[in-house]
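Please read the points below with the structure open beside you, and go back to it after each one. They are arranged by topic, beginning with the interior and ending with some details of the backbone.

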Amino acid sequence: MTQKMQGDAGWFRGLAGALCPRHSLYDKISRIVRFLRRFSLLVLPFLLALAPTMPGRITLRNFAPGNGLDFRQNNYATEMKYPFETLGGAVAALDYDVDGKLDLLFLNGSPSPDHLKKDPASYNRLYRNMGQGRFTDVTEKSGLSGADKKGYPQGVATGDYDNDGDPDVYVTQFGDNILYRNNGDGSFTDVTGKAGVAMNEHPFKASAAWLDYNNDGQLDLFVTYYFRWTFKENTDTWCGDKKAGYRTYCSPDVFDPLPNALFRNNGDGTFTDVSEPAGMRRSLGKGMGVAIADFDDDGFMDIFVTNDKTPNFLYHNQGNGTFKEVATEAGVSANESGTMVSGMGCDFKDFNNDGFPDIFYADLAGECFSLFQNAKTGFFLDSTFSSLLGKYSEKHSGWSNKFVDLDNDGWKDIFVAGSHVVDNVQLYNPRLRYMDPCLIFRNLGNGRVEDVSSAAGPDLQTLGAWRGVAAGDFDGDGSIEIAVARLNDRPYFLDNPPSGRNWLQLRLKGTRANRDGIGARIKLVLPSGLTQDEHVTTANGIYSASDKVVHFGLGGEAKISRLEIRWPSGKVQVVPEPGINRLHDVKENW
């Protein structure tokens, strides 16, 4: 008998002896205690390794407006059913003052037809995180209100385009877009004219993303156009029955598509429109959401765009300043039945922990949200129904969304802001509804999801015209909170109580790479053998921006075996056994 077998036999003989009546009560108790101590040493590591796959409960609680987030969005809807009215509702999570605490920016609507922000009820609002769960309105000093500016805000993108250490803000609009440079003193300056990024060729823009597409250390800018619509050409375009109350928002099928835009950062505060030479103008679509990732692991960021009722785009970065649109050959231009759905928000992260980013996007009720898993061959597999996502989402509509590990079990869940696009949709289909709840699809770690929305607390049952989604750890407790904007109402700030599981966060600082480290790819290896892959980005969903800090849930894992960072500059940096349950600031090391 081996030493281990003898030891095991001794444990069980000890337990039997402890239960035998010929021993004293003291001996019985002593033997039971010794047995349980030894048994725990054998079993506990095994249980901890399994913890990431054990069922856990996700519970989110709304703290707004009691926490100071008293913003109220106004979409200035009219009987004319202008299409931009039902869009927008942007929100961004950013540390604008670099004090280590995440702040929130909400974008507002503007009155038609002039879209001039005169009334404070139309102002955008910036809220500073004061700690202790409180926010305060700092809009007036910030210069981000949009006061006296023209345009109807749609989306927001955040990133440090000038590499000075603080986040700048880009606002997409129906009208000219606006770039706000962070002055580093709590205020922002409109530098759109100098930068050359107003995009006044066509008025209707949607989402934007910062990325360093050429890996030169400067953040470039990608922007989606929605479709061709102007007051002059389309004000009288009527959709729906021609009777009182039945005019409705038109399907995008009514309008012409447009190409998207790419601006190269020149490094001197200006940008050059490289849409034509980069290959963007070859593809016409009706762009909504945008997300970035290196889907083929070649060291260059690629771009995924959801299109509304037209084929999606996957721009494959060729590494020479050009892109090739490959959505059809990659299998993500449409779902597996070839249906063109109402593509809304999207995200581009590693859902199944195999080291390659996958694609999720939301659409409208009856179409089913889509999940494409990266086959590592340049092709994606539609796993919408094998994952059970199709079953759970068929009756729902969604807008912005995010892959996010809400329960820190090591697997990214999916959060979706719910709502239809048409506010009187029930007049035409009584089975549909305009307002929906937000949704949470928990990642079970086996390729499937579970709809835990109804069990995530009463605040998740609130119906609304939900739109933008911004995520981050606002209170530093290791769990991710979510801010959700909604039209004509107050936002929700969904607090996420700690799960008791372990976690790790990284805030990168590029030196040769861009300062934010956007595009950096991180591989984490755990003692159990589980690996996780992430990359730095602020773009998610539609119209939205989340924290640049990278978050890993660790489940019950007590340490990290290896952490590797692949910077956009090409530098590979290893952080040996970083401490858990803390935020690490990592500087690119040359």
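1. Which residues have the most contacts inside the largest nonpolar core? They are Y170, W210 and I303, and the core to which they belong has 56 residues. Please keep in mind throughout that the model is a predicted one. The core is not confined to one domain, since at least three of its residues come from domain 1 (61-504) and at least three from domain 2 (505-587).

2. The surroundings of Y170 deserve a careful look in the viewer. When its neighbours within four places in sequence are left aside, Y170 is in contact with a list of residues that includes G155, V156 and A157, as well as N177, I178 and L179. The list also includes W210, which was named above among the residues with the most contacts inside the core.

3. Another core, of 43 residues, lies apart from the largest one, and among its members are L87, L126, V156 and L432. V156 is therefore worth finding in the viewer, because it belongs to this other core and is also one of the contacts of Y170.4. For the protein as a whole, the secondary structure amounts to eight helices and 37 strands. The radius of gyration is 25 Å, close to the 25 Å that the globule rule gives for 590 residues, so the protein is as compact as a globular protein of that length. Along its principal axes, the C-alpha trace spans about 95 × 60 × 50 Å.

5. Buried residues make up 59% of the 590 residues, while the surface that the protein exposes comes to about 22700 Å², with 52% of it supplied by carbon and sulfur atoms. Of the contacts with a separation of 6 or more, 60% are between residues that stand 24 or more positions apart.

6. One open sheet can be followed strand by strand: four strands lie in the order β1-β28-β27-β26, and their pairing is antiparallel. At the edges stand β1 (61-62) and β26 (466-472), each of which has a single partner strand, so that one side of each is left without a neighbour in the sheet. Five bridges join β26 to β27 (residues 481-486), and in β27 the bridge partner of A471 is I482.

7. Is V326, in the loop between β17 (323-325) and α7 (327-330), buried or exposed? With a relative accessible area of 5%, V326 is buried, because buried means under 20%. Not counting residues up to four places away in sequence, V326 touches F295, L314 and H316. R507, by contrast, is 181 residues from V326 in sequence and 32 Å from it in space, C-alpha to C-alpha.

8. Most residues other than glycine have a negative phi, and most peptide bonds are trans. With that in mind, two peptide bonds should be checked in the model. The bond from A64 to P65 is cis, with omega near 5 degrees, and P65 is found in the loop between β1 and β2 (91-94). The bond from S112 to P113 is also cis, with omega near 5 degrees, and P113 has its place in the loop between β3 (103-106) and β4 (125-131).

9. Two residues with a positive phi should be checked as well. D148, which is not a glycine, has a phi of about 65 degrees; it sits in the loop between α3 (139-142) and β6 (152-159) and is exposed, with a relative accessible area of 52%. K309 has a phi near 65 degrees and lies in the loop between β15 (302-307) and β16 (313-317), where it is partly exposed, with a relative accessible area of 30%.

How values were computed. Residues numbered from 1 in each chain as written. Predicted model: local features only at pLDDT ≥ 70, side-chain atom pairs only at ≥ 80, totals over all residues. Heavy atoms only, no water. Core = buried A, V, L, I, M, F, W, Y, C linked by side-chain atoms within 4.5 Å. Buried < 20%, exposed > 50% of the residue type's maximum accessible area, 1.4 Å probe, protein only. Domains from an automatic or database assignment. Contact = heavy atoms within 4.5 Å. Rg over C-alpha atoms; globule rule 2.2 N^0.38 Å. Areas by Shrake-Rupley, 256 points an atom, 1.4 Å probe, with all protein chains shown as cover. Pairing = 2+ DSSP bridges.
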